[in-house]
Amino acid sequence: MNRWPLFAVTLLLAAILGWWANLTPAPLPATAPAGLFAAGRAMADVRVVAARPHPGASPQNAVVRAHLVARLTALGFAVRQQPVALTGRPAERLAKWGGDPAAGLVNIVAVRGGRAPALPAVLLMAHYDSVWGSPGAADDASGTAAALEIARAIPAADQARDLIILLTDGEELGLVGARAFFGEAQPAGARGSFRKGGAFQAAASADPLVGHVGFVINMEARGGGGRAMMFETGRGNGEAAALLGAAMRDPAANSLSVAIYESLPNDTDFSPSKRRGLPGINFAFIGDAWAYHSPLATPDRLDQGALQHMGAQALDVTRALLAAPTLPARAPDWAFADVLGLFIIGYPLWAGWLVLGASAALLLLAARLRPGEWRLGGVMRCGVDGIATAALAALLLTGFNMLSGSIGSEYYDRLAALPRLEFQAALLVLAVIITACGFHRAPFDRALGLAGLGWLVALAIQAAVPGAGPVFAWPVLIASGGIAFAAARKPRLPGGPLRLPELLPAMLGAVIGLAMLGAIGHFALLGVGDGLPAVLAVLMLPGMALLALLLPPAPQGWRSAAFVLIVAAAAMALWIRLDGVAPSVPPYADTKKS
């Protein structure tokens, strides 16, 4: 059969499914039922908090603080204000912004008692200050407003344990408020941050409530929209991951992001609690990246669907924790990931070896069922084809990012260009896939070779970074199942072409697997891809395993099609390079473009 229509339909359906999976939910209006999180209600607080820029220790932030204290008091919380002194680099940064370090910072600490106050409490956290020059509607008025809406949605009578809301000050100056609350010393050094994985360094004293905290939920943003990812956990996340799977509807979470973020130098207010050893989770949305620290990050420009998604997930978890007889404790880490935002699959890290074992068994079964239709030399050549394809993708993605001027350019201007950079990357990846069709190989040589290569990569990932296992092992398992099914079907002619009934499971698996990889690739590009787009080349290895049976023979003109895609990517790169500085760039940024 002619596999080109099937191949094209597979890619189209995967793109549509991946796009659907990345949509934010519709924001619920202020008239939504009382027990639901409603972005329409939370926006009333966003509009007050983000009415104007309000950096720490500023008169504008004092106005915001008065509003938040009044709101928390009305919600039944006992509220106090924790003064925080400003010294060292944070004080220098505030002075550079035109503020008065002597004014100091103020954390807002609010407690609403539950039926059993002796039980460990749940801490809901966000920061209410902004950077200089930005209203901060997303970062972090959204988290602050979400905390208030979550507290409203959960009646005090439903709390089996205390709920603490901590709204920190001075996060944008170096996590000053969070460090003061958790009793962490302000670090020395130019970066103003402890190394990830470093030991907790105690200051003179933590807030007395810290000893009462049993679980921490932080809400952040680095952008102005998109689905909110649960991207970080406390150490020993096994019980916390199990809770996420049971509690969250419309989840966005995976252990790959946890593993990646652990290796990055970035910090949020969650970091001091994590270094102290408290269990917890960290939410953030990072779409519409142009809004990060931007003067254009106003309430009217905030994606209310992103606020809805983050708040609804955090509400699900908070409600479950407040009603739970025991809170998640530190336990061996899990590997986990959401499946297209529908549900979460998770398991202990050691179970990743079972997934790999199942994949290997399916591939061996396929080899035994079609002994005359593959050769070891052909399988190995197809494995080399897969390596070459990934290497070509890495070369093109890096080279065209250099052509766009993105590598080494001004950080905030690169964030504004991310949608175009992502489209550029998609064109290049499609060109590489079409190029792979030019390798004329026997179907089962290609299937076993590409899936076998994907299996070896998943094996290496399982050994080195088992938390990243689902991203690589699950597509290989899906691909292996499709290959085994096709091999088990009785061929019309020995060595004859595969027919639609034999390929249909591989097609359906590829649609789901590619959509999941696309969602992960989208988040990866938003997170680190503007400077390191070759991350997509790594994801091509499990992607090619999914397409192994479906890659059609190259038609006439395939080189022309690949060339047109590459020219279009070059045009996009030049547009980005020659475009002026984005209006969303903060006023303090270095706007000299390379």
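Seven of the eight residues of strand β2 are buried (under 20% relative accessible area, with exposed over 50% and partly exposed in between, for a 1.4 Å probe and protein chains only), so β2 is largely enclosed by the rest of the structure. The model is a predicted one, in which local features need pLDDT of at least 70 and side-chain atom pairs count only at pLDDT 80 or more, while totals for chains, interfaces and linings use all residues. Residues are numbered from 1 along each chain as its sequence is written, and side-chain values use heavy atoms, with hydrogens and water left out. Helices (H or I, at least four residues) and strands (E, at least two) are DSSP runs, numbered from the N terminus.

**Strand β2 and its partners**

Strand β2 covers residues 105-112. Strands count as paired if DSSP finds at least two bridges between them. β2 pairs with strand β1 (residues 78-84) in the antiparallel sense over seven bridges, and five bridges join β2 to strand β4 (residues 163-168), also antiparallel. I108 of β2 has a partner in each: Q81 stands opposite I108, and L167 is the bridge partner of I108 in β4.

A110 lies in β2 as well. Its relative accessible area is 0%, and therefore A110 is buried. Contact here means heavy atoms within 4.5 Å. Leaving aside neighbours within four places in sequence, A110 is in contact with L72, F77, A78, V79, L163, I164 and I165. The C-alpha atoms of A110 and I164 are separated by 5.6 Å, although the two residues are 54 apart along the chain.

**Strand β7**

Strand β7 (residues 280-287) is buried in eight of its eight residues, so it is largely enclosed by the rest of the structure. Its two faces are both covered, with G280, N282, A284 and I286 on one side and I281, F283, F285 and G287 on the other. Strand β5 (residues 213-221) pairs with β7 in the parallel sense over six bridges, and I217 stands opposite I281. Strand β6 (residues 225-233) runs antiparallel to β7 and is joined to it by six bridges; there G225 stands opposite G287.

**Buried polar residues and a helix cap**

H54 is placed in the loop between α2 (39-49) and α3 (59-74). With 1% relative accessibility, H54 counts as buried. Beyond residues up to four places away in sequence, H54 touches V49, Q60, N61, V64, Y128, D129, S130, S134 and P135. H54 and P135 are 81 residues apart along the chain, with their C-alpha atoms separated by 6.7 Å.

E184 sits in the loop between α6 (176-182) and β5. At 2% relative accessibility, E184 also counts as buried.

The table lists polar pairs. A polar contact is a pair of N or O atoms within 3.5 Å; within protein, one must be able to donate a hydrogen and the other to accept it, and residues adjacent in sequence count only if both atoms are side-chain atoms.

| Pair | Atoms | Distance |
|---|---|---|
| E184 and R275 | side chain to side chain | 2.9 Å |
| H54 and Y128 | side chain to backbone oxygen | 2.9 Å |
| N254 and L256 | side-chain oxygen to backbone nitrogen | 3.0 Å |

Through the pair with L256, N254 caps the N-terminal end of α8. Helix α8 (residues 255-263) has S255, L256, S257, V258 and Y261 as its buried residues.

**Helix α18 and the nonpolar cores**

Helix α18 (residues 535-547) has 13 residues and reaches 19 Å from its first C-alpha to its last. That is close to the 18 Å expected at 1.5 Å a residue, where the expected span is 1.5 Å times one less than the number of residues. A kink of about 30° lies at L541, shortly before the proline P542; the bend is the angle between axes fitted to the seven residues ending at a residue and the seven starting there. α18 is mostly covered, with 11 of its 13 residues buried, among them M540, M544 and L547.

A nonpolar core is a set of buried Ala, Val, Leu, Ile, Met, Phe, Trp, Tyr and Cys residues joined through side-chain atoms within 4.5 Å. The largest has 79 residues, and those with the most contacts inside it are I433, I483, L549, L550 and L551. Helix α17 (residues 500-529) gives the largest share of this core, 10 residues. Another core, of 62 residues, lies apart from it and includes V106, I108, L243 and V317. Leaving aside neighbours within four places in sequence, I433 is in contact with F7, M540, M544, L547 and L551.
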